[in-house]
Amino acid sequence: MRCKMRRPIMANSVQPADFSADYQPRSAPYFSPDAIIVTKGSYQTRQQRNLVEAICSVYPKARIIEELDQPHNRVRLDISEPLGLHYRGKRTLVLGIHKSAVRYSDEENNMCPNYWHFSPYGFCPYDCQYCYLAGTPGVKYCPVVKIFLNLAQILSQIDRVASQLAEPTAFYLGKLQDALALDPLTGYSRVVIPFFAGHRYARLILLTKSVNVQNLLDLDHKQHTILSWSLNPPEICAAFEKNLPSPGERIESMRRCADAGYPARAVIMPIIPVDGWQNIYSEFLENLLGSTPLSRVTLGQICSYTGALKLTERKLGRRNPISRRLERTRCNDGRIRFPLELRLEVYRYLIDKIKRLKPQLDIGLCMEEQQIFEAPNVESTTGCCNCLL
Ligand code: SF4
């Protein structure tokens, strides 16, 4: 007798797909790959093959290299000089599948609450001079931009986790990538946001520096998606963020999404206390909070690793405004930060400013240590991280 396989029951009314079949990929602003490497598993379904072909056709000048025996994490670029490798990676797109794209973070020895996150993309095409991701082990040796094609599998994993937890649970997109930088190419938002809208428990929190919101505005999101933008004042962006949209453009995108009913949050991180930072950040907060309806603001400072900071110094020189202020000893969680007193001074100043502008606004801190959260005039920020609902 033949057994019939039963499909798992999903707590979700939307069956996930790899991508929206009628979606026409468009080029992603600020990204112009010289090479596209197609890796193992990319052609495992007809839909995925179609998406590979459609993405390749958007960049007719890019070299297409098939490495179909190679998983995405085995790709290597033929260059060893660190800065050359970094910029070659930023112009290389790797297509593949990611079997463990849904994970629970494992921060220890800081106050990060740990949270679920997922990765339909890897890394990003932008060029933030302080980027900590650039120095992490998965990226340092092969800093390419990745698109994972098995989106339906990734969403099924999210469904499984959320259904087991059986309570509203956030899944974060933006920990190991920019959430929307490549959305014009993939149209993934048009699958992902309806998936979360139809899910009983799973909720999406997305973090981006992009302005690629065209695909989002007409979606019925049911407020199950929270959009957050990583922002800094124009003076800081001009000095430390290259090849990405200006803060004014990002704020305009936030406003458009807030008008479309999405809960919108700002993550001001890393705050960089350059000379005159008090006035620079005050003016920026007045503009941001006066023009955009926000549900939460999260503040954070540099919390990086040696490998990433070496890359920063290759880009900006050893005496750059970040390196000059950093403590050289590592914190308990292995990260390098500004001295405690400086961090506290910055947080107290900005929290006071935000409270005077918007007394009811939730304020959180990102990746901080216990001493900071326990300090007078800062302790009210506990439990408002951007990765939490
Ligand atoms: S957007 Fe994020 S991942 Fe991309 S370069 Fe900037 S800091 Fe790095």
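In this predicted model, Lys40 has a relative accessibility of 45% and counts as partly exposed. Lys40 is placed in the loop that runs between strand E1 (35-39) and helix H1 (46-58). Together with Arg74, Arg76 and Lys99, Lys40 forms a positive surface patch. Members of such a patch must have over 30% relative accessible area and no salt bridge, and the 45% of Lys40 satisfies the area cut-off.

Attention now turns to charges that do find a partner. Side chains of opposite charge can pair when their charged atoms come close. The structure contains 17 salt bridges. One of them joins Asp127 to Lys315, with 2.7 Å between the closest N and O atoms. Since Asp127 belongs to strand E7 (residues 127-128) and Lys315 to helix H10 (residues 306-316), this pair ties together parts that are 188 residues apart in sequence. Asp127 is buried, at a relative accessible area of 9%, and Lys315 is likewise counted as buried, at 19%. The cut-off for buried is under 20%, so the 19% of Lys315 still falls within that class.

A salt bridge is also found between the side chains of Arg296 and Asp362, with an N to O distance of 3.7 Å. Here, too, distant parts of the chain are linked: Arg296 sits in strand E14 (residues 296-301) and Asp362 in strand E15 (residues 362-365), 66 residues apart. Arg296 is buried, with a relative accessible area of 7%, whereas Asp362 is partly exposed at 30%.

Another salt bridge connects Arg337 with Asp333, whose closest N and O atoms are 2.9 Å apart. Both Arg337 and Asp333 are buried. Through shared partners, salt bridges join these two residues with Glu107 and Arg335 in one network.

The backbone offers some points of interest as well. The peptide bond leading from Met269 to Pro270 is cis, with omega near 0°, and Pro270 itself is part of strand E13 (residues 264-271). Positive phi values occur at two residues that are not glycine: Asn114, near 65°, and Lys222, at about 55°. Asn114 lies in the loop between strand E4 (102-104) and strand E5 (116-118), while Lys222 lies in the loop between strand E10 (202-208) and strand E11 (225-231). As for their surroundings, Asn114 is buried, with a relative accessible area of 16%, but Lys222 is partly exposed, with 48%.

Note on methods
Residues are numbered from 1 along each chain as its sequence is written. This is a predicted model: local features need pLDDT of at least 70, side-chain atom pairs count only at pLDDT 80 or more; totals for chains, interfaces and linings use all residues. Side-chain values use heavy atoms; hydrogens and water are left out. Patches are made of residues with over 30% relative accessible area and no salt bridge: like charges are joined within 9 Å, nonpolar side chains (Val, Leu, Ile, Met, Phe, Trp, Tyr) within 5 Å. Accessible areas come from the Shrake-Rupley method with a 1.4 Å probe; for residues, only the protein chains shown count as cover. A salt bridge is a side-chain nitrogen of Lys or Arg within 4 Å of a carboxyl oxygen of Asp or Glu. Lys and Arg count as positive and Asp and Glu as negative; His and the chain ends are not counted. The place of a charge is taken as NZ of Lys, CZ of Arg, CG of Asp or CD of Glu. Helices (H or I, at least four residues) and strands (E, at least two) are DSSP runs, numbered from the N terminus. Buried means under 20% relative accessible area, exposed over 50%, partly exposed in between (1.4 Å probe, protein chains only).
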